[in-house]
Amino acid sequence: MDEKIDFVLSANKLYQLIIPDENYLYFHSNLARNHRRLADLYLAKHDPESCLLHLNQAFYHAKCYDELPSSSHYTSPFISFCEFDKNTYPNNEEVNECERLRYMMTTQGVFDTLNKDPRFIKLVEKLT
């Protein structure tokens with residue numbers, strides 16, 4: 001479990017290295033999914049505090065992605081020549097990132113042990 005956590009944390013660090021100004025644009029989606037995966041892993045390790053921390057990070061990145069304009073430029077010196085255009089990344093699903101996160105938090109059973117935690121309930125409500 002620790003090795004899996006280290007892999008995902010390392011992936012997130014790579015995003016931070018390449019995009020130090022945190023203008024992640026498209027990569028907010030990847031970070032949201034990575035943080036949700038970390039939440040899964042920490043919960044499997046019986047660490048609900050770290051799980052909730054990463055669920056909140058997943059929410060932050062999902063919300064950032066959902067609120068992106070249809071087109072924008074990266075501002076990091078490493079990729080400032082790149083442009084993000086939502087139309088280039090067609091979404092075949094009929095849900096946005098926040099809806100996807102809410103679905104994963106409430107229907108897959110992974111987080112059932114947190115269903116009565118007020119912090120979890122509040123986060124689910126934010127995703128609605």
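User: How far from the ring centre of Tyr 65 is Lys 86, which lies over its face?
Analyst: Quick heads-up: this is a predicted model, where local features need pLDDT of at least 70, side-chain atom pairs count only at pLDDT 80 or more, and totals for chains, interfaces and linings use all residues. Residues are numbered from 1 along each chain as its sequence is written, and side-chain values use heavy atoms, leaving out hydrogens and water. A charge sits over a ring if NZ of Lys or CZ of Arg is within 6 Å of the ring centre and within 35 degrees of the ring normal. Lys 86 lies over the face of Tyr 65, and its distance from the ring centre is 5.2 Å.

User: Which aromatic cluster does Tyr 65 belong to?
Analyst: Rings of Phe, Tyr and Trp (its six-membered ring) pair if their centres lie within 6.5 Å; planes under 30 degrees apart are stacked, over 60 edge-to-face, and the rest tilted. One cluster holds Tyr 65 along with five partners, namely Tyr 15, Tyr 26, Phe 27, Tyr 74 and Phe 84.

User: How many aromatic pairs are there in the whole structure, and what is the angle between the planes of Tyr 15 and Phe 27?
Analyst: Searching the whole structure turns up six aromatic pairs. Tyr 15 and Phe 27 make a tilted one, with centres 5.4 Å apart and planes at 40°.

User: Which helices do Tyr 15 and Phe 27 sit in?
Analyst: Helices here are DSSP runs of H or I with at least four residues (strands are E, at least two), numbered from the N terminus. The two rings are twelve residues apart and link distant parts of the chain. Tyr 15 belongs to H1 (residues 2-18) and Phe 27 to H2.

User: Is Phe 27 stacked or edge-to-face with Tyr 26?
Analyst: Their centres are 5.3 Å apart and their planes 80° apart, which makes the pair edge-to-face.

User: Are Glu 97, Cys 98, Arg 100, Leu 101 and Met 105 of helix H4 buried or exposed, and what arc do they cover?
Analyst: Buried means under 20% relative accessible area, exposed means over 50%, and partly exposed is in between (1.4 Å probe, protein chains only). In H4 (residues 97-107), those five residues are buried. They sit on the same side of H4 because the arc they cover around the axis, taken from the directions to the C-beta atoms, is only 165°.

User: Which helices do the buried residues of H4 pack against?
Analyst: Contact means heavy atoms within 4.5 Å. By that rule, the partners of H4's buried residues are H2 (27-44), H3 (48-66) and H5 (118-126).

User: Which elements give two or more residues to the largest nonpolar core?
Analyst: A nonpolar core is a set of buried Ala, Val, Leu, Ile, Met, Phe, Trp, Tyr and Cys residues joined through side-chain atoms within 4.5 Å. The largest has 23 residues, and Leu 55 and Met 105 are among those with the most contacts inside it. Its contributors of two or more residues are H1, H2, H3, H4 and H5.

User: How many residues does the second, separate core have?
Analyst: Ile 19, Tyr 24, Leu 68 and Phe 84 are included in this core, and its size is ten residues.

User: Is His 46 buried or exposed?
Analyst: His 46 is in the loop between H2 and H3, and its phi is near 60°, a positive value in a residue other than glycine. Its relative accessibility is 71%, so it counts as exposed.
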